[in-house]
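Here is a short briefing on one protein chain. It starts with a pocket, then turns to the strands and one loop residue.

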Amino acid sequence: RRGSGSLFDMFDDPFFGGGFGRRKKVTLRTKELEIQAKPLPEEGKPNSFSGLVGDFKIVSRIDKDSLRQGESTTLTLSVQGSGNIFDAKIEEKEIPGFKIYKDKPVLKIQRNKNGVFGKRVFKMALVPQDVGNKQIPSFSLSYFDPKKGIYKVTSTRLLPVSILKAKSGDEENVN
């Protein structure tokens, strides 16, 4: 059967005389497949493990590392690698001295003969509440590496941020 929206669907339309394509429901079956699956080991499993299996890395960046109170900077956390990237999550974390406004994560997937490779991007706007030199903390990602048979934890680096006092007249924007 041709998919909806196909150029060839018009030949099945009664307006064009129908008859070119006869529809018939068919059920197809293949031979059963036997799959050998092993449970993930309990030994070495980090408390933060959320079921991510494959080979991944996490990186972080901010768009401004110097700003004034009440302004915002965007923190971007990118998880990328091969495996079940659909399940990638970042840890919930307070960032002292900042109000946090999270965006919906974006997922980009590529499939090839070696499996699934992708990137999941998490963004959040950070609005500083205090002045001074601050640090965006490290974020960690734990996963099971099936090739090596071990759990791994990868982390982002600390990101320094300099917060200046709000410009005169902008103080009311801080809260």
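The lining of the second largest pocket has 4 charged residues, 3 polar ones and 1 nonpolar one. The model is predicted. The chain has 10 strands and 0 helices.

**The second largest pocket**
- The second largest pocket holds about 150 Å³ of space.
- Its lining consists of G54, D55, S82, N114, D145, P146, K147 and K148.
- Which class has 1 residue in this lining? The nonpolar class does.

**Overall make-up**
- Along the sequence, the pattern reads β-β-β-β-β-β-β-β-β-β.
- The chain has 175 residues, and 29% of them are buried.

**The sheet with β2, β10 and β7**
- Three strands form an open sheet in the order β2-β10-β7.
- The pairing in this sheet is mixed.
- Why is one side of β2 and of β7 left without a neighbour in the sheet? β2 (66-68) and β7 (132-136) stand at the edges, and each has a single partner strand, so one side of each stays unpaired in the sheet.
- On average, neighbouring strands of this sheet are turned by 35° against each other, with direction ignored.
- β7 and β10 (residues 159-164) run antiparallel and are joined by 5 bridges.
- One residue pair across these strands is G132 with I163, its bridge partner in β10.
- In a regular strand, side chains alternate between the two faces of the sheet.

**The β5-β6 hairpin**
- β5 and β6 form a hairpin, with 2 residues between the strands.
- β5 covers residues 106-112, and β6 covers residues 115-128.
- How many bridges join β5 to β6? There are 7, and the two strands run antiparallel.
- R111 stands opposite V116 in β6.

**Q129, between β6 and β7**
- Q129 sits in the loop between β6 and β7.
- Is Q129 buried or exposed? Its relative accessibility is 18%, so Q129 counts as buried, because buried means under 20%.
- The Q129 side chain reaches the backbone oxygen of V127 at 3.1 Å.

Terms used: Residues are numbered from 1 along each chain as its sequence is written. This is a predicted model: local features need pLDDT of at least 70, side-chain atom pairs count only at pLDDT 80 or more; totals for chains, interfaces and linings use all residues. Side-chain values use heavy atoms; hydrogens and water are left out. On a 1 Å grid over the protein atoms alone, a cavity is a set of points where a 1.4 Å probe fits but cannot get out, and a pocket is an open set with protein on both sides within 12 Å along at least five of seven lines; lining residues have an atom within 4 Å of a point. Grid points are joined across faces, edges and corners, and a volume is the space filled by probe spheres set on the points. Ala, Val, Leu, Ile, Met, Phe, Trp, Tyr, Cys and Pro count as nonpolar, Asp, Glu, Lys and Arg as charged, and the others, Gly among them, as polar. Two strands pair if DSSP finds at least two bridges between them. Helices (H or I, at least four residues) and strands (E, at least two) are DSSP runs, numbered from the N terminus. Axes are lines fitted to C-alpha atoms, for helices over the stretch in contact, and angles run from 0 to 180 degrees between N-to-C directions. Buried means under 20% relative accessible area, exposed over 50%, partly exposed in between (1.4 Å probe, protein chains only). A polar contact is a pair of N or O atoms within 3.5 Å; within protein, one must be able to donate a hydrogen and the other to accept it, and residues adjacent in sequence count only if both atoms are side-chain atoms.
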